[in-house]
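Here is a short report for a reader meeting this structure for the first time. Please look over the sequence and the model before reading on.

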Amino acid sequence: NVEMNLAMKNEALEEIKALSGQVPGIQMLAFDSDRTVKAWSLDTPIQPWEIPNTEFENDAMVRFEINGEPVKAHIRFFPFWSWYIVSFVFEKDYLSPIRMSRNIIYLSTLGVFVVVFVTLLIAFHRFVNRPLQRLVNATQDVSKGKYHIVGETYRNELGQLTNAFNAMVVGLDDEKAEVRHLISQLKISES
């Protein structure tokens, strides 16, 4: 009966260690009421004094350190052998999906801002800069005596400016033609 009990304990301890392999990131620890480690799923040794010296409630969630690293743990007491079974996850592993999600959100937000910024630059270039450059070129041509209207007007302030410029160019061209006509008539009347 003692041998059978010992065999059952050893089998239970092996099953406890094997549980950590079934769930990624979860580690297992079994210790008795004297804080003696019975099973441990990690390869590194654990120091007995690192097990918290507090009274554990059954089905308690606790936070403590194992080998200097903080862990979140669930503790359950098994009275048959007076064992505490602890399933735990290191905080860095526990928080890594949250950190990864935060980084994905940051990068996605940055990507959206870049796309919006590039779209605004393209729209500005197409709907403001290009028509304004045509208007500037046409103004420089007017200063050289070349009168031509600027095409493609819009229904905004830039379009109103372009329409006013075109009206000015037509007016200047008409006045220039009238001055030429008057000069030619003066020449005819002088002769």
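## A pair within one helix

Glu14 and Lys17 both sit in helix H1 (residues 2-22), and because they are three residues apart, about one helical turn separates them. This is a predicted model. The two residues form a salt bridge, with their closest N and O atoms 3.5 Å apart.

How accessible are the two partners? Glu14 has a relative accessible area of 48%, so Glu14 is partly exposed. Lys17 stands at 33%, so Lys17 is partly exposed.

## The other salt bridges

How many salt bridges does the rule give? The count comes to three. One of them joins the side chains of Lys38 and Asp32, at 3.7 Å from N to O. Lys38 is partly exposed, at 37% relative accessible area. Asp32 is buried, at 11%.

Another salt bridge links Arg63 and Glu91, whose closest N and O atoms are 2.2 Å apart. This pair ties together distant parts of the chain. Arg63 belongs to strand S3 (residues 60-66), Glu91 to helix H2, and their positions lie 28 residues apart in the count. Arg63 is exposed, with 55% relative accessibility. Glu91 is buried, with a relative accessible area of 13%.

## The sheet

Five strands make up an open sheet. Their order is S2-S1-S5-S4-S3, and the pairing is antiparallel. Which strands are at the edges? They are strand S2 (37-40) and S3, each of which pairs on one side only. From one strand to the next, the twist averages 30°.

Strands of a sheet pair through backbone hydrogen bonds, in either a parallel or an antiparallel way. Here, S3 and strand S4 (residues 69-78) are antiparallel partners, joined over seven bridges. Within this pairing, Val62 has Ala73 of S4 as its bridge partner.

## Helices against the sheet

Helix H2 packs on the sheet and touches S3, S4 and S5. The direction of H2 makes about 45° with that of S5. Helix H1 lies across strand S1 (27-32), S2 and strand S5 (83-90). Relative to S1, helix H1 runs at about 150°.

## A buried alanine

Ala30 lies in strand S1. Is Ala30 buried or exposed? Its relative accessibility is 0%, so Ala30 counts as buried, the limit being under 20%.

What does Ala30 touch, leaving aside neighbours within four places in sequence? Its contacts are Leu13, Ile16, Thr36, Val37, Lys38, Ala39, Tyr84 and Ile85. Among these, Lys38 is also the salt-bridge partner of Asp32. Asn5 offers another reference point: Ala30 and Asn5 are 25 residues apart in sequence and 17 Å apart in space, from C-alpha to C-alpha.

## A nonpolar patch on the surface

Which residues form the nonpolar patch on the surface? They are Leu107, Leu110, Val114, Phe117, Val118, Leu121 and Ile122. Together they have about 690 Å² of accessible area.

Val114, one of the patch residues, is found in helix H2 (residues 91-143). Val114 has a relative accessibility of 44% and therefore counts as partly exposed. Patch residues must have over 30% relative accessible area, and Val114 meets that cut-off because its value is 44%.

Definitions and conventions. Residues numbered from 1 in each chain as written. Predicted model: local features only at pLDDT ≥ 70, side-chain atom pairs only at ≥ 80, totals over all residues. Heavy atoms only, no water. Patch = residues over 30% accessible without salt bridge, like charges linked within 9 Å, V, L, I, M, F, W, Y side chains within 5 Å. Areas by Shrake-Rupley, 256 points an atom, 1.4 Å probe, with all protein chains shown as cover. Salt bridge = Lys/Arg side-chain N within 4 Å of Asp/Glu carboxyl O. Helix = DSSP H or I, 4+ residues; strand = E, 2+ residues; numbered from the N terminus. Buried < 20%, exposed > 50% of the residue type's maximum accessible area, 1.4 Å probe, protein only. Pairing = 2+ DSSP bridges. Axes fitted to C-alpha atoms, helices over the stretch in contact; angles between N-to-C directions. Contact = heavy atoms within 4.5 Å.
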